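Got your viewer open? Let's take a walk through this protein, one selection at a time.

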Amino acid sequence: MIFILSCATDDAVYQVSDRRLVWLGGSAPGSVKDDQSNKAVLVDGRMAFGYTGIAEINGAGGDYWLASLFGNQSTSDLAVVAERIRAEATREFKRMSVPDRRWLRHAFVGVGWATYRGESAVLPMLVTVTNALDASGEWEVAPSPEFRMLLNRWGATAAGFSIAFAGQSLIDGEKKAIWRHVRRVVRRGAPRLAMLRALIDSCMWIASRHSTVGKSLMALCIPKIAVLRQRASGQIFLLTGPPGDDAPTFLYVPGTGERSVIYGPHFAAGGNSSYRFSRWASSAGGLTIRAGADGAASRPTAARAPPWPPRSSAQAVLEHARAQRTSSTPSPSPRTARAS
């Protein structure tokens, strides 16, 4: 079961998703099928989508299917983007035949920046396109024939942030522990890097408590200032590295010590899509990743919770940090992108 953690503050939105797939049926239901399956798609440089549910749609991975919807479609209007996802998902899922209809419970979760009709302000927004998630983010017993859109217009909150969970069901104690953990970081006025680290640590912790959640993660940050600069310049691009002001950024967090390949999300903007970004990391200072000192965060706690994952496992994140950044731009064709 995929776990997606979305968060918004006044100056940035974040989404972290794990990369594990598990078998639904067969001789060993619940066993791991793959630990390196991407779930993340960045749309128009200002909204990060993850998905949870069935892994393949019309013979393609859910991430590839989602990005391919916009290979020749404009992404400038996010309302149109969400409606296209809803309509196409409804059409595809009606064609699926599975032994257990519950297997078709599915959700696409997007967090980003939008301007609402009739307004000029750029505000954080959470949109869920689903056939089985309710307004509180909990799974319904069976999927509906039609996908629907759930819109959460995140604004200013007393805590200074908003957070949402999707995929793996959590008990109240787990949700509260993550919320308290993030709140401590926000209260300290921590930079974006520390916020991202807190979310990554939280996902690692959930992975330690639920065997269907993987420890390999994809983490995205979309700063508000980057979206405003993108709007002014008309240029959309994506960087790998710690959060900055210039562009959305992504970090691949390996869960098992693997450092040789850096993976990235799919990217769809302006009628182009880039698929399955990956790059070999140089052992001599290329794209090695581990947490910097300013990214350190305290650990969430919950009653009778098991120990937090060892620091070394969560420190797969940031050394490429301030020294160097690698740009990932849309490829003209999926054939030119390197398969991960």
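Before we click on anything, one bit of vocabulary: two strands pair if DSSP finds at least two bridges between them. Helices (H or I, at least four residues) and strands (E, at least two) are themselves DSSP runs, numbered from the N terminus. This is a predicted model, where local features need pLDDT of at least 70 and side-chain atom pairs count only at pLDDT 80 or more, while totals for chains, interfaces and linings use all residues. Residues are numbered from 1 along each chain as its sequence is written, and side-chain values use heavy atoms, with hydrogens and water left out.

**Stop 1: the whole thing**

Show everything as a cartoon. The secondary structure comes to six helices and 20 strands. Of the 340 residues, 54% count as buried; buried means under 20% relative accessible area, exposed over 50%, and partly exposed in between (1.4 Å probe, protein chains only).

**Stop 2: strand β9**

Select residues 107-114, which make up β9. How many of the eight residues of β9 are buried? Eight of the eight. Here's a handy rule: in a regular strand the side chains alternate between the two faces of the sheet. In β9, one side has A107, V109, V111 and W113, the other has F108, G110, G112 and A114, and all of them are buried.

Now add the neighbours. Strand β6 (residues 47-52) pairs with β9 in the antiparallel sense, over six bridges. Click T52 and look across: its bridge partner in β9 is A107. Next, select residues 123-130, which form strand β10; eight bridges join β10 to β9, and the two run antiparallel. V111 stands opposite L126 in β10.

**Stop 3: helix α5**

Jump to residues 224-233, helix α5, and pick out Q230. Is Q230 buried or exposed? Q230 is buried, because its relative accessible area is 9%. Leaving aside residues up to four places away in sequence, Q230 touches D44, G45, R46, Q235 and I236; a contact means heavy atoms within 4.5 Å.

Colour A226 and V227 along with Q230, since these are buried in α5 too. Looking down the axis of α5, you'll see the buried residues fall within an arc of 100°, so they line one face of the helix. (The arc is that of the directions from the helix axis to the C-beta atoms.) Turn to the face away from the buried side and you'll meet the exposed residues R231 and A232. The cover over the buried residues of α5 includes β9, our last stop, and β13 (217-223). Just after α5, G234 takes a positive phi of about 80°.

**Stop 4: helix α3**

Last selection: residues 172-187. With 16 residues at 1.5 Å a residue, α3 should span 22 Å, and its end C-alpha atoms are indeed 22 Å apart. The expected span is 1.5 Å times one less than the number of residues.

Which residues of α3 are buried? They are E174, A177, I178, H181, V182 and V185. These cover an arc of only 125° around the axis, which puts them on the same side of α3. Why might that spacing work? An α-helix has 3.6 residues a turn, so residues three or four places apart point the same way.

Show β1 (3-8), β12 (162-167) and α4 (192-209) as well: the buried residues of α3 pack against them. On the face turned away from the buried side, look for the exposed residues D172, K176 and R187. Finish at G189, which follows α3 and has a positive phi, near 65°.
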